Amino acid sequence: CKHALLLQSLNLRACRRLTDGCLKYIGNLLRLQHRKGHPPLTSLDLGGCSRLTDDGVATILPSCSSLTHLDLRGCKQLTPRIEELLAKYCPAMADLTLPKFEDT
């Protein structure tokens with residue numbers, strides 16, 4: 001599927017079966033897209049994907065340095081650690097929606 005390598009915007013909102021393993025696969029596709037010189041992913045909506053963890057999101061972030069929009073609301077397993085990862089890997093971020101973190 002050669003057109004899968006032209007992802008600039010990806011909306012997976014409320015995909016409750018989306019797992020960390022799925023994000024690893026998507027990250028691999030994004031790395032391939034980058035190597036082929038295609039435009040980078042700039043918008044990603046993972047809102048409501050409640051099975052995702054910090055480690056899973058961390059697998060995709062190195063491939064998302066051009067990300068300007070990210071929605072993570074409703075990703076209940078994420079922790080404040082995700083903010084550190086986003087600051088490290090996504091310097092172009094302009095529109096970020098994070099989940100409400102529970103007090104630990």
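This is a guided tour of the structure above, one selection at a time. Please keep in mind throughout that the model is predicted.

**First stop: helix α3**

Begin by selecting residues 81–89, which form helix α3, and then colour Ile82, Leu85 and Leu86, the buried residues of this helix. If you turn the view until you look down the axis of α3, you will find that these buried residues fall within an arc of 100 degrees, so they line one face of the helix. Now select Glu84, Ala87 and Lys88, which are exposed and sit on the face of α3 turned away from its buried side. To see what lies over the buried residues of α3, show α2 (54–60), β3 (69–71) and β4 (95–97), which are among the elements that cover them.

**Second stop: Ala58 in helix α2**

Stay with α2 and select Ala58, which lies in that helix. Is Ala58 buried or exposed? Its relative accessible area is 17%, and because buried means under 20%, Ala58 counts as buried. Add Leu86 to the selection and draw a distance between the two C-alpha atoms: although Ala58 and Leu86 are 28 residues apart in sequence, their C-alpha atoms are 8.5 Å apart in space.

**Third stop: the cysteines**

Next, select Cys15, Cys22 and Cys49, and look at their sulfur atoms. A disulfide is a covalent bond between the sulfur atoms of two cysteines. How many disulfides does a search of the whole structure find? The search finds zero. For Cys15, the closest cysteine sulfur is that of Cys49, and the 5.3 Å between them is too far for a bond, given that a disulfide needs the two sulfur atoms to be within 2.5 Å. Cys22 is in no disulfide either, since the nearest cysteine sulfur to it, that of Cys15, is 9.0 Å away. With the surface switched on, you can see that Cys15 is partly exposed, with a relative accessible area of 31%, and that Cys22, at 31% relative accessibility, also counts as partly exposed.

**Fourth stop: the loop before α1**

Move to Ala14, which is placed in the loop between β1 (9–11) and α1 (20–35). Most residues other than glycine have a negative phi. The phi of Ala14, however, is near 65 degrees, a positive value in a residue that is not glycine. At 33% relative accessibility, Ala14 counts as partly exposed.

**Fifth stop: Leu29 in helix α1**

Continue into helix α1 and select Leu29, which has its place there. Leu29 counts as partly exposed, at 22% relative accessibility. A second distance is worth drawing here, from Leu29 to Leu6, for these residues are 23 apart in sequence and their C-alpha atoms are 9.6 Å apart in space.

**Sixth stop: the largest pocket**

Now select Leu30, His34, Pro40, Ser63 and Cys64, which, of the 13 residues that line the largest pocket, lie nearest its centre. The volume of this pocket is about 170 Å³. If you colour the lining by residue type, it divides into six nonpolar residues, six polar ones and one charged.

**Last stop: Lys76**

Finish with Lys76, which is found in the loop between β3 and α3. Lys76 is exposed, with a relative accessible area of 70%. For a last distance, choose the C-alpha atoms of Lys76 and Gln8, which are 68 residues apart along the chain and separated by 26 Å.

Technical notes
Residues are numbered from 1 along each chain as its sequence is written. This is a predicted model: local features need pLDDT of at least 70, side-chain atom pairs count only at pLDDT 80 or more; totals for chains, interfaces and linings use all residues. Side-chain values use heavy atoms; hydrogens and water are left out. Buried means under 20% relative accessible area, exposed over 50%, partly exposed in between (1.4 Å probe, protein chains only). Helices (H or I, at least four residues) and strands (E, at least two) are DSSP runs, numbered from the N terminus. The arc is that of the directions from the helix axis to the C-beta atoms. Contact means heavy atoms within 4.5 Å. On a 1 Å grid over the protein atoms alone, a cavity is a set of points where a 1.4 Å probe fits but cannot get out, and a pocket is an open set with protein on both sides within 12 Å along at least five of seven lines; lining residues have an atom within 4 Å of a point. Grid points are joined across faces, edges and corners, and a volume is the space filled by probe spheres set on the points. Ala, Val, Leu, Ile, Met, Phe, Trp, Tyr, Cys and Pro count as nonpolar, Asp, Glu, Lys and Arg as charged, and the others, Gly among them, as polar.
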